[in-house]
Amino acid sequence: MPSVDRPGVKGVYVELPESLLTDARAFAADRGEKFNRVVAEALRRHMAYPPPKPEPQPEPAVVPLPSGTEEPVAVKKAATKKGKGKP
């Protein structure tokens with residue numbers, strides 16, 4: 001984050017893969033640009049020309065249970081373990 005507040009500028013914390021950060025810093029240095037400017041321009045370009053939106057995921061199938069309730073197939077009940085010494 002910036003050490004000095006500037007009007008119209010906000011600091012932000014972003015986690016990036018180390019290799020991507022290293023490559024982006026090298027890219028900026030090779031071009032003689034500031035890293036922050038390269039990142040800001042990349043975000044502007046991405047928003048101006050976004051990739052297609054991902055397709056929504058289908059709802060999980062619903063299976064009726066013996067009790068009459070329903071639950072998605074993807075949900076699995078945890079197996080219960082009997083404690084030692086219990087029948």
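**Notebook: salt bridges first, then the rest**

I started with the salt bridges and found 2 in the structure. This is a predicted model, so I kept an eye on confidence as I went.

The first pair I looked up was Glu33 with Arg31, whose side chains meet in a salt bridge at 2.6 Å, N to O. Is Glu33 buried or exposed? Neither, as it turns out: Glu33 has 28% relative accessibility, so I put it down as partly exposed.

Next I went to Glu41 and Arg44, where the N to O distance of the salt bridge is 3.9 Å. That still makes the list because the cut-off is 4 Å. Where do Glu41 and Arg44 lie? I found both in helix H2, which spans residues 35-48. They are 3 residues apart there, about one turn of the helix. I checked the accessibility of each partner too. Glu41 comes out at 37%, so it counts as partly exposed. Arg44 reaches 52% and therefore counts as exposed.

**Rings**

I looked for aromatic pairs and got 0. What I did find is a charge over a ring: Arg25 lies over the face of Phe35, 5.7 Å from the ring centre.

**Fold and surface**

I then stepped back to the whole protein. I noted 2 helices and 2 strands, and reading along the sequence gave me α-α-β-β.

How much of the protein is buried? I wrote down 3% of the 87 residues. The exposed area is about 9,000 Å², with carbon and sulfur atoms supplying 59% of it.

On that surface I picked out a nonpolar patch of about 370 Å², made by Val12, Val14, Leu16 and Leu20. I took a closer look at Val14, which sits in the segment before helix H1 (18-31). Its relative accessibility is 52%, which is why I call Val14 exposed.

**Confidence**

I left pLDDT for last. The average over the protein is 82, and 74% of the residues score at least 70. Which elements have the lowest and highest mean pLDDT? Strand S2, residues 70-72, has the lowest at 61, while H1 has the highest at 97. Where pLDDT is low, the predicted coordinates should not be read in detail. I kept my notes on strand S2 to its residue range and its mean pLDDT of 61.

Definitions and conventions
Residues are numbered from 1 along each chain as its sequence is written. This is a predicted model: local features need pLDDT of at least 70, side-chain atom pairs count only at pLDDT 80 or more; totals for chains, interfaces and linings use all residues. Side-chain values use heavy atoms; hydrogens and water are left out. Helices (H or I, at least four residues) and strands (E, at least two) are DSSP runs, numbered from the N terminus. Buried means under 20% relative accessible area, exposed over 50%, partly exposed in between (1.4 Å probe, protein chains only). Accessible areas come from the Shrake-Rupley method with a 1.4 Å probe; for residues, only the protein chains shown count as cover. Patches are made of residues with over 30% relative accessible area and no salt bridge: like charges are joined within 9 Å, nonpolar side chains (Val, Leu, Ile, Met, Phe, Trp, Tyr) within 5 Å. Rings of Phe, Tyr and Trp (its six-membered ring) pair if their centres lie within 6.5 Å; planes under 30 degrees apart count as stacked, over 60 as edge-to-face and the rest as tilted. A charge sits over a ring if NZ of Lys or CZ of Arg is within 6 Å of the ring centre and within 35 degrees of the ring normal. pLDDT is the predictor's confidence in each residue, from 0 to 100.
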